[in-house]
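Today I am opening my notebook on a new structure. I want to look up a few things, one at a time, and write down what I find.

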Amino acid sequence: MGYEITLEDKNATYVVLPAYNEATRIEPVLEDIARKGYNMVIVNDGSSDNTLEVVKQSKRKFPDKIHIFSLPINRGVGIATQTGFEAVLKFNPKYIVSMDSDGQHSADDLDEVIKPLVTGEAQAVIGVRPFKDMPKTRSFANSIMNLLTRIFYKVNVSDSQTGFRAITVDALNKISINATGYLISSEFIREINDNNIPFAEVPIQTIYTPETQAKGTNVVVAFKILLQMIKHQF
Amino acid sequence: MYLYALIFPIISVIAIIWFITRYFKGKNSITTVVLWSIFWIVVSLFAIFPNVSITFAQLFGITRGLDFIIILVFVILFYTVLKLYFIVDNMQNDLNTLVKEVALNNEITLDDEEE
């Protein structure tokens, strides 16, 4: 596509980053995003390490780009993301992105992810990770989750568990997110579908390191999400 | 007379007194006191007069009194676990709302640190 993201588009975009015990990984993530000119809302999810201190150090370098909120106790990625989605509304954004803060996602993909929102092609975007690059167990768990999302939420997407997603503020105001944990990914897609919000899939790169693999959708998490999906049917 | 016929009524009396005391301290509702009192009276009844359980069992189409007691215990346990689950679930939701509100009303600024 020919459209180039402008500084104005970037100023209107806020990236929500839930962070739990990411002290060793979060600094380059935040600073990459800030250098690209995007604003951020970081939600410290009651981390027991010094994530909050590390985030404050980055804020000293980019005081206008970084906004910090901190949950007093750990409540899970869903609650941290919900808090970020509510907090971000204080800054009157046009586009909201949510990303993982462990370095799994690349700030280089931000332009491509928000492009369909800026051009009006879509009101929501999910960043699709290449399954072939994933470790086998991770790829298997994600394939199962895609199938479960199709069965329980009647939505067929290429990557239901991606943490890289973007949405316009109007669309965000239409959806209702209640998940506390990793179910948030599937719930986001269900809400987009149920509210007839036009959405697009954008390929993203995924950076796998032993540390980034320690979190996210493995078979145990997939099983927990399945139980929550069943519970949400009632 | 078997030992359980003595022990269970004693436990029942203690339990009922405990629930009544909690009611007067405002820690229990009257419904809780009544329901638990009925439960402990039934337990005592079964302990002192084991044959009563057979009468109850036959009411529900169960042949043995002991089977009836086991099923009854399972039903009560299932109900208790389910009730606790809903209480915990509601408390979790309240906690999430509270934690979110605390975070949203307290954006962290560098000024906080420098003070």
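**Entry 1: two residues in loops**

I began with A:Asn21, which is found in the loop between β1 (13–19) and α2 (26–35) of chain A. Helices here are DSSP runs of H or I with at least four residues, strands are runs of E with at least two, and both are numbered from the N terminus. I noted that this is a predicted model, where local features need pLDDT of at least 70, side-chain atom pairs count only at pLDDT 80 or more, and totals for chains, interfaces and linings use all residues. Residues are numbered from 1 along each chain as its sequence is written, and chains are lettered from A and ligands numbered from 1 in the order in which they are written.

Phi of A:Asn21 is near 50°, a positive value in a residue other than glycine. Is A:Asn21 buried or exposed? I found it partly exposed, because it has 19 C-beta neighbours inside 10 Å. The rule is that a residue is buried if 20 or more other C-beta atoms lie within 10 Å of its own, exposed if 12 or fewer, and partly exposed in between, with C-beta atoms placed from the backbone.

Next I looked at A:Lys154, in the loop between α6 and β6 (165–168) of chain A. Its phi is near 55°, again a positive value in a residue other than glycine. A:Lys154 is exposed, because 10 other C-beta atoms lie within 10 Å.

**Entry 2: a serine in a helix**

I moved to A:Ser185, whose place is in helix α8 of chain A. This residue is buried, with 29 other C-beta atoms within 10 Å. Which residues does A:Ser185 touch, not counting those up to four places away in sequence? I listed A:Ser160, A:Gln161, A:Thr162 and A:Gly163. A contact means that two C-beta atoms, placed from the backbone, lie within 7 Å. I also looked up A:Phe164, 21 residues along the chain from A:Ser185, and their C-alpha atoms are separated by 9.2 Å.

**Entry 3: a helix pair in chain A**

I stayed with α8 (residues 184–194), which packs with α6 (residues 136–153) of chain A at an angle of about 40°, their axes 11 Å apart. That makes α6(A) oblique to α8(A). Angles under 35 degrees count as roughly parallel, over 145 as roughly antiparallel, 65 to 115 as roughly perpendicular and the rest as oblique. Where they meet, A:Met145, A:Thr149 and A:Tyr153 in α6(A) face A:Ser186, A:Ile189, A:Arg190 and A:Asn193 in α8(A).

**Entry 4: a helix pair in chain B**

In chain B, I checked helix α1 (residues 4–24) and helix α2 (residues 30–48), whose axes come within 8 Å and cross at roughly 170°. The two are therefore roughly antiparallel to each other. Their contact divides into 17 nonpolar, 4 polar and no charged residues. Ala, Val, Leu, Ile, Met, Phe, Trp, Tyr, Cys and Pro count as nonpolar, Asp, Glu, Lys and Arg as charged, and the others, Gly among them, as polar.

**Entry 5: the chains together**

How many residues does each chain give to the contact? I wrote down 19 residues from chain A and 10 residues from chain B. On the side of chain A that touches chain B, α3 (51–61), β3 (66–71) and α4 (77–88) each supply at least two residues.

Last, I took chain A as a whole: it has 10 helices and 7 strands, and 49% of its 234 residues count as buried.

Definitions and conventions. Axes fitted to C-alpha atoms, helices over the stretch in contact; angles between N-to-C directions.
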